[in-house]
Amino acid sequence: MRMSWFFGGAGTRRAPIIIALLVLINALFLRTVDPVFFSRMRDFAFDSFQRMQPRLYSPDTPVRIVDIDEAALAAYGQWPWPRNVIAQLVEKLTKNGAAVVAFDVVFAESDRSSLNRMTTTLGGFGDAEAGRRLSAAQDNDATFAAAIGRSRVVAGFGFDAKGGKDPPRRFFGVAFAGDNPSQFLPIQIGTVKSLPLLVAAAKGNGSVNTDHESVVIRRVPTMFRLMGQDGLFPALSIEALRVAQGASTYAIKSSGASSEMSFGQKTGIVALRIGDIQVPTDAQGRVVLFDTGHREERFISARSVLADEVPPGELDGRIVFIGTSALGLKDLRNTPVQDAVPGVEVHAQLAEQMIEQKFLARPDYADGAELLYLAAIGALFVWLLPRLSAIKMAGVAVSFIGVGAVVPWFAYSHFQLLLDPVFPPVTLAAIYVSGSVLAFMGAERDRREIRGAFSHYLSPDVVERLARNPELLQLGGEMREITVMFTDIRGFTTISEQFDPPGLTRFMNRFLTPMTDLVLSGKGTIDKYMGDAIMAFWNAPLTVEDHAVYACRTALAMQVRLRVLNEEWKAEAEREGRRHTPVAIGIGLNTGRASVGNFGSEQRFTYSCLGDEVNLASRLEGQCKTYYVDIIIGSNTAAQVGAFAMIELDLIIVKGKTEPECIHALIGDVDFGQTPRYRALVDRQALFLAAYRSGAFAEALESIDSCQTAAETAGWQQGYYAMMRARIGQLIQDAPQDWTGVYEAKEK
């Protein structure tokens, strides 16, 4: 069964709407399901936002990191250090006024370097006296615990599946409003804890885990729960803030709490309060890392602290996190802004955010708002596709796609809100592209139909010659010099949108008929019609003296006839109450030797021409768009029609060629070529091109105004000089070192 309802007639016009609607429906379904891939794409986009505008680091925020860095390891030996050295570090930090000392380290085992730990080993050699003395020696762990007890220290513990099942010690109470927060928190299986002796002397105990769900740390839990255990366990950063404020309780607000609209659904945790600090979280109690990237200003080497080289007041009242940036200790993490930052810096950044009250948040309404925007604008796209021209629809698409990308950036940069900048714009682009491609395919189908209809017609000259010489009905050809013409309607797709198929056929007939008449009356041969384009040549099959002159006269006559046609079409459009789009054509002419004859197969062939000079004529027609002129002729043609009015435009290497071609704009006939105003324009143009080709771009730019004035006086008002002004401006900016005065064409 043929699906003519879809691919033909009115179905062709419906096809872009149907496909665009299917794209929209599928996109809405996928956005509702929201597979992991989409959330990852959002994360990558939000990472890009943070890289473009990271959180500003403020050295006044009372958070510092004491770093067990390479310098400290070089001074005090490999890690782990003896606990009496770490005790000295704590004491010196306390002496320097640190408000809290938080360890991003788990001291899970006793210090083996303590002298009293050597009793068993020496006793094995029978030295009882040495063993007794060693047993009485100071225990480094006890020394460290004593230092902790004289300070305000937060010990560290870690969650690990291979760890023990006993819960870490808690120093706080928890109050919550709304649903019990335990059900929303990430569950851990086992723990690795610091020595009870050390924890007992501390003022707090926090988790060193950042619990990253991917290779990049984006969201960090504030609270954890342990499988099979009651109670909650805080992250190191918030425990440090609690101890710094002397608070005894965490207050957690969840769905179902007063003023929280959850419509009976258990949507998760909303916020956490630590003393006077309110911390908004996602549903799982996580804080989005608002990254500054690695900042050396927040680090102080442990060597400097132990050597009493810290400037006075530098640590006074600060929350100090102790961790390591040494590569060998492998505590490096990737963050949205930077790769391989010390893990302790993540804890410090979270504490900074909480103190500064700078948070990134994806609001509860984000998913719904994005879905609604996508549905509304997507439906508008589907509705507008068959009603707007290609140019207007492109403008609408660019506008709304731009809004979909710009609004999330504005929300991030001004309000620290995270809205999806990827899926809505990509979906709208897919809707536009899918519908536009099908519309374009419909226009191309119309072109093919026109080509097919006109391909059956030969030039009357060829028909007459074949009638007189039937032996010419065979494949083959001859080499001879010809002048080749290519023409093409600018913006044919947009123009074709004004008509239904019968109307488009009538339009093309009204255009092609007079243009064909001009070619044939000017002793030319129509090679073929390519939709809206015409290919013709002179001096074959019959010899035409001065064929380049006839071709140029025909090209000028075609532009004059087109102006008359445009007036007629405009008047008709006004009478019918529809929009009129002016029709413009570009014409390329080139003269040279080519193979001319019958080409094709035994079943079907056509009289045509082939060769590099033919291809060059086609390329010259394409450059009419680049240089904003109506007719471009090659150097061979220009040499044969020297009396015509023409303006040298440029030296150019067209697509498919390696040698530059000197191209000219044909602007008038022989009579116009004798006028003073034309000669003045030629002289100004020569000075301009000399400066341009020699690389004197500033001088060339200055001469454009005089050229443009001369062109207006001569009645040649084209966009060429505006284009050259822009090109020279770019050349001045790029400052090319190998400038040869030759422009390499970017398009055919």
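**A mixed sheet, two helices and the salt bridges of the predicted model**

Four strands make up an open sheet of mixed pairing, in the order β4-β11-β12-β13. The edges are taken by β4 (173-177) and β13 (277-280). Each of these has a single partner strand, so one side of each is left without a neighbour in the sheet. From one strand to the next, the twist averages 20°. The model analysed here is predicted.

At one edge, β4 runs parallel to β11 (residues 249-254), and five bridges join the two strands. V174 has Y250 in β11 as its bridge partner. Helix α10 (residues 236-245) packs on the sheet. The helix touches β11, β12 (269-274) and β13. The direction of α10 makes about 35° with that of β12. Strands of a sheet pair through backbone hydrogen bonds, either parallel or antiparallel.

Y250 recurs in the surroundings of P234, being one of the residues in contact with P234. P234 is located in strand β10 (residues 233-234). This proline counts as buried because its relative accessibility is 1%. Leaving aside neighbours within four places in sequence, the contacts of P234 are F157, F172, N205, G206, S207, T222, M223, E239 and Y250. For T222, the C-alpha to C-alpha distance to P234 is 5.9 Å, at a separation of twelve residues in sequence.

Two helices were compared with the expected span. Helix α5 covers residues 83-95. At 1.5 Å a residue, its 13 residues should span 18 Å. The end C-alpha atoms of α5 are 18 Å apart, which agrees. Buried positions in α5 are R83, V85, I86, A87, L89, V90, K92 and L93. The list includes the charged residues R83 and K92. After α5 comes G97, with a positive phi near 95°.

Helix α20 covers residues 612-627. Its 16 residues should span 22 Å at 1.5 Å a residue. The end C-alpha atoms of α20 lie 22 Å apart, in agreement with that value. The buried residues of α20 are V614, L616, A617, R619, L620, E621, G622, Q623, C624, T626 and Y627. An α-helix has 3.6 residues a turn, so residues three or four places apart point the same way. Y628 follows α20 and has a positive phi, near 55°.

Cysteine C624, in α20, is buried. Its relative accessibility is 2%. C707 is also buried, at 0% relative accessibility. A search of the whole structure finds zero disulfides.

The corresponding search for salt bridges finds 23 in the whole structure. One of them joins the side chains of D47 and R218, at 2.8 Å from N to O. D47 lies in helix α3 (residues 36-52). R218 lies in the loop between β7 (204-207) and β8 (219-221). The pair therefore ties together parts that are 171 residues apart in sequence. D47 counts as buried, at 5% relative accessibility. R218 counts as buried too, at 4%.

A salt bridge also forms between E478 and R480, with the closest N and O atoms 3.3 Å apart. E478 counts as partly exposed, its relative accessibility being 36%. R480, by contrast, counts as buried at 14% relative accessibility, because the cut-off for a buried residue is under 20%.

In a further pair, the side chains of R725 and D705 meet at 3.1 Å, N to O. This salt bridge links distant parts of the chain, 20 residues apart. R725 belongs to helix α24 (residues 720-734), and D705 to helix α23 (residues 697-714). Both residues fall in the partly exposed class. R725 has a relative accessibility of 32%, and D705 has a relative accessible area of 44%.

Other charged residues form a network. Salt bridges with shared partners join R55, R298, E345, E352 and E356 into one network.

Note on methods
Residues numbered from 1 in each chain as written. Predicted model: local features only at pLDDT ≥ 70, side-chain atom pairs only at ≥ 80, totals over all residues. Heavy atoms only, no water. Pairing = 2+ DSSP bridges. Axes fitted to C-alpha atoms, helices over the stretch in contact; angles between N-to-C directions. Contact = heavy atoms within 4.5 Å. Expected span 1.5 Å × (residues − 1). Buried < 20%, exposed > 50% of the residue type's maximum accessible area, 1.4 Å probe, protein only. Salt bridge = Lys/Arg side-chain N within 4 Å of Asp/Glu carboxyl O. Disulfide = S-S within 2.5 Å.
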